[in-house]
Structures are given as C-alpha cells and as structure tokens.
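Visitor: I would like to learn how to read a structure of this kind feature by feature. Could you take me through it, starting from a single residue and working outwards?

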Amino acid sequence: MSGPVTAAVVAQAAPLAACAVILLWLRRRPGTAAALAILALTVALGAAVYMVAAVAVPNTSLLATSVWLPVSDGPGLAFGVLLDSLSSTMALVVAAVTLAVMVYSLGYMADDPGFARYYGFLALFAWAMLGLVLASNLLQTLVFWELVGLASFLLIGFWFERPGPAAAARKAFIMTRVGDVGFLLGVLLLIRAAGNATIPDLIAAAAPGGAFTPGFTTTVAALLLMGVIGKSAQGPLFTWLPDAMEGPTPVSALLHSATMVAAGVYLVARMHGLFAAAPDVMRFLLWLSLITALAAATMAMVANDIKRVLAYSSISQLAYMLMGLAAGSVAAGFFHLVTHAGFKALLFMAAGMFIHHAHSNDMREIAGHTPGRQRAGAIGLVAGSLALAGVIPFSGYFSKEAVLAALGEHAGTAVLALAYAGAGLTAYYSFRMVFLTLRGGPAQAPEHRAGAGGHAPEHGRSELAMAAPVLVLAALTLVLGWLGAWFASRLSPGAEEHGALAIGAGPLTALALAAAGIALAWLEYGRRGAARIGFVERMPALRDFFADNWYLDRLYAATVVRAAKALARAARWHDQTVLDGAGDGFASATVGGGRLLAHLQSGYVQMYVSVAVAVMAALAAWLLGGGKLA
Amino acid sequence: MSLPLVLGVATALFGIGLYGLLQRRSLVAMLIALELMLAAISINVVALTTFTGHDPSMGQVVVLIFVGVAAAEVAIALSLFVAIHRSAHDIDVEHLSELKG
C-alpha cells in the first residue's frame with residue numbers, strides 16, 4: 001500500500017477501534033473513553049492532513065481496491081479507497097469537525113450519565129462518515145451511508161428515555177429510509193448493468209459514448225437522488241431535520257455540518273459525472289432545492305427555538321449546495337459545503353453555550369440570561385451569522401457567491417433571482433436570531449443572572465472546553481473563504497476563473513440584499529425599543545403556516561402516516577385475532593377438554609371398580625358372542 | 001360332587017365378594033371381600049384341573065402360590081391402611097377422594 005492509502009485505512013480504523021473499545025469495555029470509565037475517542041480522531045485528522053498533502057495539493061487521484069466478494073464470471077465486488085481532491089478534503093473536514101465537537105462535548109456533556117456511550121457513538125459516526133467519503137465503490141458507499149443513518153439515529157435519540165428524542169430519532173431514521181429505498185434500487189441496477197460499482201467506472205460508463213443508455217442513466221440518477229433528498233433533508237423529506245434538534249446540541253453541530261446531511265451533497269459531488277449525464281434529473285434537482293431553500297428560509301423566519309432556526313438554515317444552505325451542483329459546478333457546491341461545515345458547527349456550538357447556560361432553547365428566554373457574558377458564545381454566534389448571511393470577509397460570502405455565479409452562468413435568470421431572494425431572507429433570519437438572542441428583551445430575569453454568576457467558577461474547565469473550539473471555528477470563518485480558487489482549480493478544471501474578490505453586479509446585489517436583510521432584522525428586533533415582532537409574525541395565518549413546516553407534517557400525518565397506521569392496525573388485528581387466536585384457541589380447547597374429562601375422576605374407588613367390572617363383563621359377553629368386530 | 005356344582009359354588013362366592021367390594025365403605029371390609037373373590041378363583045383352578053382329567057397336583061401347586069401371594073398382598077394392604085388411617089384418621093373410601101378431578 002502506498003502512503004496515502006495507508007493513511008486512508010488508518011483514518012477509518014482509528015475511530016472504529018475507539019468505538020469498539022469504548023462500547024465494549026469503557027462504558028464505566030467516561031474520562032478514559034473521551035480521551036480515547038479524541039485520540040482516535042486526532043490520529044484520523046493527522047491521516048487526513050497527510051492525505052490532503054499527498055493527494056489534493058498535487059491534485060492527483062488514487063484508486064486502491066481489493067476484491068471483497070469474488071464472482072465466478074465477473075470482476076467481483078471490490079472494496080477499496082478512492083482518493084482524490086474531493087474525498088481527501090472532505091475527509092479532512094469530517095475529521096476536523098468531529099474532533100472539534102468531541103472537545104466541545106467535554107464541557108457540554110460533562111456529568112451526563114451516558115458520557116462514555118456518547119463518545120462511542122461519536123466515534124462510530126466519524127468512522128461511518130469517513131468510510132462513506134473514502135469509499136471506492138458505490139455499494140461500499142451504501143453500507144457506510146446506512147451506518148451514518150444508524151449513528152445519527154443513535155445520537156438524536158441519545159436521551160432515549162425521554163419520548164421527544166426517541167420519536168425524533170425514529171422519524172429521522174424512517175424518513176431517510178424512504179429515500180434510501182431509491183438509493184438501494186439505483187445501486188442494484190448499476191451493479192446489474194456494470195458488473196461492479198466502482199465509482200470511476202460508473203462515471204465513465206455514464207458519460208456520453210459510454211456503456212449506459214441515456215434512459216438508464218436518467219433512471220439511476222433519479223433513484224440515487226431519492227437517497228440524496230432523504231439524507232440531505234430536501235424537498236418533501238426535510239421535516240425530520242428540525243425534529244432532530246431533540247438530540248444534544250453538539251450532535252446537531254456534527255449532524256448539520258460535516259456528517260449525515262452533508263453525505264447527500266457529497267454523494268452528488270462524488271457521482272457528479274453520472275448526474276451530469278442526466279440533465280432532466282439535474283433540472284429537477286435545481287428547482288427542488290431552490291424551492292426547499294426558500295421554504296426553509298421562511299420557516300426559519302418565525303421559529304423561536306434557536307436550534308430550529310439553525311436547522312432550517314441548514315436545510316436552506318444544503319439546498320444552495322445542491323443548486324450549485326445541479327448547475328454543474330462541483331467546485332461551488334463543495335466549496336459551500338466546506339465553509340458551511342465550518343460556520344454551521346460554529347453556530348450550533350455557540351448556541352449550545354447559551355442553551356447550556358439558560359437551560360432553554362427559546363431565544364427569548366436565552367436573552368433573559370445575560371448571554372453577553374458568554375463572550376466566546378457571542379463571538380461565535382455573530383461570526384457564524386455573518387458567514388451565514390454572506391457578509392464580505394466571512395467564508396459564507398465567498399462560497400455563496402460561487403454558487404450564485406454558477407447559477408448565473410448555467411441556470412437562467414428566474415432561478416438566479418429567486419436564489420438572490422433566498423440570500424436576502426438568509427441574512428434576515430440569521431440576524432433576527434442574533435438580535436433576539438443577544439439583545440436582552442423585556443423579559444429580564446435578575447434572579448437568574450445572580451445564579452448564573454455563582455455557577456461560573458466551578459464550571460471553569462468545561463466552559464474552556466466549549467469556548468476553545470468555538471473560537472477556533474470563529475477564526476476559521478475568516479480563513480476558509482479564501483480557498484475558493486483552490487477548490488475551483490481542483491474540482492472544476494477548465495471553468496473560467498473568478499477572483500475571490502471579483503466585485504461585479506452579482507456580488508454587489510448579494511451584498512446589498514444581505515445588508516437589507518440585516519437592516520430589516522435590526523429595525524424589527526435589534527434597535528432600542530424595537531417591537532421584537534417580525535413582519536411575518538404580524539400575520540397569524542402566515543406565521544402558523546411557516547412555523548408548522550408549511551403544514552407538511554400535518555399533510556403526512558393525514559395521508560401517509562394515517563395509511564401506515566391503518567395498515568399497522570390491520571396487521572395487529574391479524575396478529576392478535578387470527579394468529580394468536582389460533583394458538584390461544586388450541587390451548588384453551590385443550591384446557592377445557594381436560595376440565596370436562598376431569599369430571600370422570602370422581603375419586604371413589606368403588607366407582608372405578610364397578611366401571612372395570614362392567615367393562616370386563618362387556619368384554620366377556622363380546623368374546624362369548626363370537627369375538628368379532630361388529 | 002360334580003364340576004357344575006363346584007363351579008356354581010365358586011361363582012356364588014365370587015358374586016358375594018364383588019357385592020361386598022362394591023357395597024362396603026370400609027377399606028378392611030373391601031379387602032375381605034377381595035379375598036373372597038380370590039378364594040373363588042382358587043376353587044375354580046383346583047376344580048377345573050381335578051375334574052377334567054389333568055394332573056390334580058398341578059392345580060394345587062398353583063393355588064398354593066395364590067394363597068402365598070394373597071397373604072403377602074394382605075400384609076401390604078393392611079400396612080397401607082394403617083398408614084392411611086394415621087394420616088387421615090379414617091378408612092372410609094367415601095371420604096378418601098383426594099384424587100377427584
């Protein structure tokens with residue numbers, strides 16, 4: 001094995017080993033478990049840095065496979081490692097964000113009874129995501145794809161003894177499963193058609209002049225897209241993501257930035273050659289993600305739970321990534337994925353600091369607990385929101401600009417205009433969040449303030465564990481944005497070069513819209529004496545519509561869920577009445593028969609004797625009469 | 001003496017024993033009745049071997065074994081009755097109905 005391939009194997013083996021050791025032997029040793037998980041992720045991060053240095057910087061690619069399942073008359077299913085700029089960079093992002101979340105959780109999850117289990121699951125999550133990223137084979141991708149789903153199920157439902165998280169975990173698992181059916185079918189079709197599912201082979205076969213017919217490519221791309229929609233919380237299947245906020249906040253930070261939801265976007269980037277060969281699917285994806293981006297932005301405008309605001313913003317930003325990919329630019333979509341991973345992890349961690357302090361997710365309540373005292377949290381929230389809103393020196397500006405530029409070149413004016421509108425909404429809701437959280441509202445609670453001050457010294461170390469990753473990520477929001485040209489040169493070779501600071505009509509429009517959004521948020525929430533009620537919240541019907549996921553959950557409850565429940569009830573009836581009834585009936589017939597026969601046992605010896613004598617007499621009479629059976 | 005006469009006596013004895021077995025409520029009386037039935041069978045065996053021209057000693061030997069077995073059986077049965085009487089203070093079969101279903 002060459003060096004980078006060894007590094008790829010090490011990067012996957014370290015978290016897996018940590019997960020196994022923690023879950024098997026270290027459940028009662030939380031400190032050791034956390035140290036081991038962090039050590040494993042440090043190793044993985046080192047391996048990822050080496051991979052980036054060895055593969056992405058010189059811009060080469062490597063494919064190392066070994067046959068896992070030999071097939072008698074075919075090439076067999078080969079599992080292996082596909083290393084190129086895309087996968088090595090993504091591996092670096094995954095390892096870095098997971099490590100940051102693990103360090104942060106030292107503070108956030110301190111004293112939780114499931115501390116060791118939590119770190120075991122985090123290591124599992126890291127292993128699954130790294131395996132997905134580095135997979136050389138689409139079947140391998142599918143295996144790790146499902147493992148990512150499993151890990152997020154376990155972490156969303158980490159506090160499984162409460163009904164809310166348990167239900168949210170189930171919802172996340174089942175809703176993503178709906179899309180995964182399509183993914184599985186797509187992979188099976190590809191394996192049947194191509195004999196194996198090695199990713200570069202598939203892309204070559206899907207390219208014009210390849211082995212696949214256009215119709216087949218379109219079918220497969222549509223099926224794979226179903227998996228992407230479920231995993232990346234797009235279109236009709238996004239409602240699991242806001243509910244997933246029931247999990248611990250660091251889990252949300254991980255889930256929303258580099259793992260789980262990013263898996264879908266990564267798959268589209270990974271298989272971009274195949275998707276590009278199916279233009280109808282790409283056009284569908286473009287419009288779907290555009291609608292999702294706008295819809296999720298409107299929902300974020302009325303949510304009062306800080307984590308829900310961030311969840312909707314994730315959906316919306318994921319939609320921007322997919323729009324960039326659908327418009328044909330891997331570099332733009334992936335660039336936005338990387339910057340988003342940085343600032344969304346930052347936002348969740350900053351929000352987590354406030355939540356940890358105020359013991360509430362509600363922004364108006366957080367505002368009553370002097371959030372300004374958590375300086376790291378305040379810095380993180382503002383820096384992350386500036387990046388999310390797309391303000392100029394922060395990372396989100398550059399990546400969103402790349403996406404919008406790709407849309408402007410390939411997608412037409414209508415899409416571009418709507419995407420700009422979405423960017424304005426993004427700025428509005430992110431600063432609505434900032435002002436609602438940080439500007440103390442009328443509901444000041446002085447007694448809480450005194451209590452909070454008293455807590456500070458004893459939590460000093462955990463505060464530090466939380467503040468350090470937040471500050472590092474806040475600094476990164478100023479750095480990541482300058483990588484755009486680097487991504488463009490590696491992922492979209494031949495595309496025309498935009499300077500990072502190319503100020504033209506497009507960027508100016510975006511900046512103006514962002515400024516307008518922030519100004520509106522300031523006017524309604526930020527300024528002294530502001531009503532702290534948004535323009536949407538003045539219209540109750542619209543507010544309810546937005547706050548209730550556009551009534552999609554109600555629609556599902558009235559249709560799909562109701563049908564499924566009816567089916568389940570029918571199955572239960574069949575099980576309890578028909579199957580159990582047969583068993584129970586047989587048993588009770590036996591018991592009843594026994595009861596009836598028991599009456600023959602009178603307990604009187606003389607009765608038995610007379611019966612015996614009578615039978616003997618009858619037998620004798622029968623024998624004397626000839627002894628023949630009648 | 002003729003064979004029918006002896007068989008008639010044996011049958012009468014068997015009938016008396018059966019009546020006693022079914023009618024008496026005391027275990028001891030039932031045991032006595034059972035002995036009567038056993039005696040009737042013994043008479044049958046001796047009579048049939050004697051009057052049908054076989055070697056009479058054959059039947060007598062068998063009947064002697066019957067008597068020995070009956071004595072052993074009585075010994076066991078009486079000891080059981082004593083044990084029952086000790087635990088239940090009663091040997092009336094009407095009352096000994098624990099095996100009623």
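Guide: Let us begin with A:Val415, which, when residues up to four places away in sequence are set aside, touches A:Leu286, A:Leu290 and A:Leu407. Please keep in mind throughout that this is a predicted model.

Visitor: Where does A:Val415 lie, and is A:Val415 buried or partly exposed?

Guide: A:Val415 belongs to helix α19 of chain A, which runs over residues 413–438. There are 19 other C-beta atoms within 10 Å of A:Val415, and because a residue needs 20 or more to be called buried, A:Val415 is classed as partly exposed. In sequence A:Val415 and A:Leu404 are 11 residues apart, while their C-alpha atoms are 9.6 Å apart in space.

Visitor: How would A:Arg308 be read in the light of its count of C-beta atoms?

Guide: A:Arg308 has 22 other C-beta atoms within 10 Å and is therefore buried. Its place is in helix α14 of chain A, residues 306–326, and, leaving aside neighbours within four places in sequence, A:Arg308 is in contact with A:Pro242, A:Met245 and A:Ala303. A:Arg308 and A:Asp243 are 65 residues apart in sequence, yet 8.1 Å separates them from C-alpha to C-alpha.

Visitor: What does burial look like for a whole helix, such as α11 of chain A?

Guide: Helix α11 of chain A, residues 261–270, is mostly covered, with 10 of its 10 residues buried. The buried residues of α11(A) include A:Val261, A:Gly264 and A:Tyr266, and A:Arg270 is also among them. For chain A as a whole, 51% of the 630 residues count as buried.

Visitor: How does one describe two helices that pack together?

Guide: Two packed helices are described by the angle between their axes and the distance between the axes. In chain A, the axes of helix α3 (residues 85–108) and helix α4 (residues 115–134) come within 9 Å and cross at roughly 170°; α3(A) and α4(A) are therefore roughly antiparallel to each other. Among the residues that make the contact are A:Met90, A:Val94, A:Ala95 and A:Met102 from α3(A), and A:Tyr119, A:Leu122, A:Met129 and A:Leu130 from α4(A). By class, the residues of this contact of α3(A) with α4(A) comprise 14 nonpolar, three polar and no charged.

Visitor: Which residues touch the most other members of the largest nonpolar core?

Guide: In that core of 220 residues, A:Ala37, A:Ala95 and A:Met323 touch the most other members. Helix α15 of chain A, residues 330–358, gives the most to the core, with 20 residues. Domain 1 (1–277) and domain 2 (278–444 + 461–493 + 501–555) of chain A both contribute residues, so the core lies between them. If residues up to four places away in sequence are not counted, A:Ala95 touches A:Ala11, A:Leu41, A:Ala44, A:Leu45, A:Ala48 and A:Leu130.

Visitor: What should I look for in the backbone angles?

Guide: Most residues other than glycine have a negative phi, and most peptide bonds are trans. A:Asn59, however, has a positive phi near 60°, and is found in the loop between α2 (30–56) and β1 (62–69) of chain A. A:Ala233 likewise has a positive phi, of about 55°, although it is not a glycine, and sits in the loop between α8 (214–231) and α9 (240–243) of chain A. As to their surroundings, A:Asn59 is partly exposed, with 13 other C-beta atoms within 10 Å, whereas A:Ala233 is buried, with 29.

Visitor: How many helices and strands does chain A have, and which domains does the assignment give?

Guide: Chain A has 27 helices and two strands, and its C-alpha trace spans about 125 × 70 × 50 Å along the principal axes. Besides domains 1 and 2, the domain assignment gives domain 3 (559–598) and domain 4 (600–630), and the C-alpha centres of domain 3 and domain 4 of chain A lie 44 Å apart. Among contacts in chain A between residues at least 6 apart in sequence, 79% join residues at least 24 apart.

Visitor: How many residues of chain B are in contact with chain A?

Guide: Nine residues of chain B are in contact with 12 residues of chain A. The side of chain B that touches chain A has five nonpolar, two polar and two charged residues.

Notes:
Residues are numbered from 1 along each chain as its sequence is written. Chains are lettered from A and ligands numbered from 1 in the order in which they are written. This is a predicted model: local features need pLDDT of at least 70, side-chain atom pairs count only at pLDDT 80 or more; totals for chains, interfaces and linings use all residues. Axes are lines fitted to C-alpha atoms, for helices over the stretch in contact, and angles run from 0 to 180 degrees between N-to-C directions. Helices (H or I, at least four residues) and strands (E, at least two) are DSSP runs, numbered from the N terminus. Angles under 35 degrees count as roughly parallel, over 145 as roughly antiparallel, 65 to 115 as roughly perpendicular and the rest as oblique. Two residues are in contact if their C-beta atoms, placed from the backbone, lie within 7 Å. Ala, Val, Leu, Ile, Met, Phe, Trp, Tyr, Cys and Pro count as nonpolar, Asp, Glu, Lys and Arg as charged, and the others, Gly among them, as polar. Domain bounds come from an automatic or database domain assignment. A residue is buried if 20 or more other C-beta atoms lie within 10 Å of its own, exposed if 12 or fewer, and partly exposed in between; C-beta atoms are placed from the backbone. A nonpolar core is a set of buried Ala, Val, Leu, Ile, Met, Phe, Trp, Tyr and Cys residues joined through C-beta atoms within 7 Å.
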